[in-house]
Amino acid sequence: MSNQPVDQSRRTWVTMACAVGGAGGVATAIPFVSTFQPSERARAAGAAVEADISALKPGEMMTVEWRGKPVWIIKRTPEQVAGLSKIDGQLADPKSERKPDELTPEYARNEHRSIKPDVMIAVGICTHLGCSPSSKFQAGAQASLPDDWPGGFLCPCHGSTFDLAGRVFKNKPAPDNLEVPPHMYVSDTKLLIGEDKKA
């Protein structure tokens with residue numbers, strides 16, 4: 001065993017080299033890990049988008065982007081869900097029978113047009129000329145809406161109206177209900193928009 005004194009300057013250089021090497025490894029790993037996320041181009045082309053709805057309260061809406069389109073996610077109140085069955089006679093396509101394969105996946109061909117009755121998912125683009133309707137969730141008489149308005153959406157471009165399931169009212173320019181995109185629940189509070197393998 002040698003009793004030679006330890007060279008402190010050498011120890012300092014070794015420590016610095018290890019630190020720089022470790023930092024370089026982390027700097028290399030971060031871009032590598034980020035390659036697992038879909039690119040902007042992939043998202044625009046249709047890559048699925050995850051949405052966390054855990055903070056969404058009844059009566060609130062959030063918007064995510066999928067394929068360059070706004071997708072609305074609305075947490076309907078119990079009153080809003082109950083009201084959906086009361087307006088079938090006012091709707092142009094209450095059972096989503098028009099273009100079902102194009103506009104409404106099989107698991108959403110029901111009164112609430114969704115997997116879970118309290119959560120609405122729809123592409124926020126009017127089926128008339130592609131404007132984005134405004135949310136008008138408050139029921140009752142309002143400007144540009146009938147006195148018995150049940151709550152829903154109003155397209156500001158040409159006056160088409162949709163209920164809180166995205167179903168179009170009769171005698172409006174929009175020919176069809178709003179599109180329900182493919183979607184599935186990854187968990188109770190996480191949605192995958194654009195993919196529905198488990199549905």
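Which backbone oxygen lies 2.8 Å from a polar atom of the side chain of arginine 113? Keep that question in mind while you open the model, which is a predicted one.

**Stop 1: the whole chain**

Start with everything shown as a cartoon. The protein chain has 4 helices and 9 strands. If you follow the chain along its sequence, the pattern reads α-α-β-β-β-α-α-β-β-β-β-β-β. There are 199 residues, and 34% of them count as buried. Now think about who touches whom: among contacts with a separation of 6 or more, 54% are between residues 24 or more positions apart. You will meet some far-apart partners on this tour.

**Stop 2: arginine 113**

Select arginine 113, in the loop between helix H4 (100-103) and strand S4 (119-123). Here is the reply to the opening question: the backbone oxygen belongs to leucine 178. Draw a distance line between that oxygen and the arginine side chain, and look for 2.8 Å.

Is arginine 113 buried or exposed? It is buried, and it has no salt bridge. The nearest side chain of opposite charge is that of aspartate 163, 6.4 Å away. A salt bridge would need a side-chain nitrogen within 4 Å of a carboxyl oxygen.

Next, show the surroundings of arginine 113. Leaving out residues up to four places away in sequence, its contacts include Ser96, Leu103, Ala165, Arg167, Asn177 and Val180. Leu178 is also one of them.

**Stop 3: aspartate 163**

Move on to aspartate 163, which you will find in strand S7 (residues 161-163). Its relative accessible area is 0%, so this residue is buried. Which side chain does aspartate 163 join in a polar contact of 2.7 Å? Select arginine 167 to see the partner. A polar atom of the aspartate 163 side chain also lies 3.0 Å from the backbone nitrogen of alanine 165.

Look further out from aspartate 163, skipping neighbours within four places in sequence. Among its contacts are Leu84, Ile87, Leu91, Gly151 and Gly152. Two more are Phe153 and Phe169, and both of these phenylalanines have a stop of their own.

**Stop 4: the aromatic rings**

Show the side chains of Trp72, Phe137 and Phe153, which ring pairs link into a cluster. In total, the model has 3 aromatic pairs. Begin with tryptophan 72 and phenylalanine 153: the ring centres are 4.4 Å apart and the planes are at 15 degrees, so this pair is stacked. Tryptophan 72 is in strand S3 (residues 69-75) and phenylalanine 153 is in strand S6 (residues 152-154), so the pair ties together parts that are 81 residues apart in sequence. Tryptophan 72 is buried at 4% relative accessibility, and phenylalanine 153 is buried at 0%.

Now turn to phenylalanine 137 and phenylalanine 153. Their ring centres are 5.6 Å apart with planes at 85 degrees, so this pair is edge-to-face. Phenylalanine 137 sits in the loop between strand S5 (134-136) and S6, so here the pair ties together parts that are 16 residues apart in sequence.

One more ring is worth a click. Select tyrosine 185 and lysine 116: the lysine lies over the face of the ring, 4.2 Å from the ring centre.

**Stop 5: phenylalanine 169**

Select phenylalanine 169, in the loop between S7 and strand S8 (183-187). Its relative accessible area is 7%, so phenylalanine 169 counts as buried. Beyond four places in sequence, it touches residues including Gln90, Ala92, Trp149, Pro150 and Thr161. Asp163, from Stop 3, is also one of its contacts. Try measuring from C-alpha to C-alpha between phenylalanine 169 and glycine 89: they are 80 residues apart along the chain, with a separation of 9.1 Å.

**Stop 6: aspartate 118**

Finish with aspartate 118, in the loop between H4 and S4. At 24% relative accessibility, aspartate 118 counts as partly exposed. Which side chain makes a polar contact with that of aspartate 118? The partner is lysine 75, at 2.9 Å. Setting aside residues up to four places away in sequence, aspartate 118 touches Ile74, Lys75, Arg76 and Val81. As a last click, pick the C-alpha atoms of aspartate 118 and alanine 82: these residues are 36 apart in sequence and 9.8 Å apart in space.

How values were computed
Residues are numbered from 1 along each chain as its sequence is written. This is a predicted model: local features need pLDDT of at least 70, side-chain atom pairs count only at pLDDT 80 or more; totals for chains, interfaces and linings use all residues. Side-chain values use heavy atoms; hydrogens and water are left out. Helices (H or I, at least four residues) and strands (E, at least two) are DSSP runs, numbered from the N terminus. Buried means under 20% relative accessible area, exposed over 50%, partly exposed in between (1.4 Å probe, protein chains only). Lys and Arg count as positive and Asp and Glu as negative; His and the chain ends are not counted. A polar contact is a pair of N or O atoms within 3.5 Å; within protein, one must be able to donate a hydrogen and the other to accept it, and residues adjacent in sequence count only if both atoms are side-chain atoms. Contact means heavy atoms within 4.5 Å. Rings of Phe, Tyr and Trp (its six-membered ring) pair if their centres lie within 6.5 Å; planes under 30 degrees apart count as stacked, over 60 as edge-to-face and the rest as tilted. A charge sits over a ring if NZ of Lys or CZ of Arg is within 6 Å of the ring centre and within 35 degrees of the ring normal.
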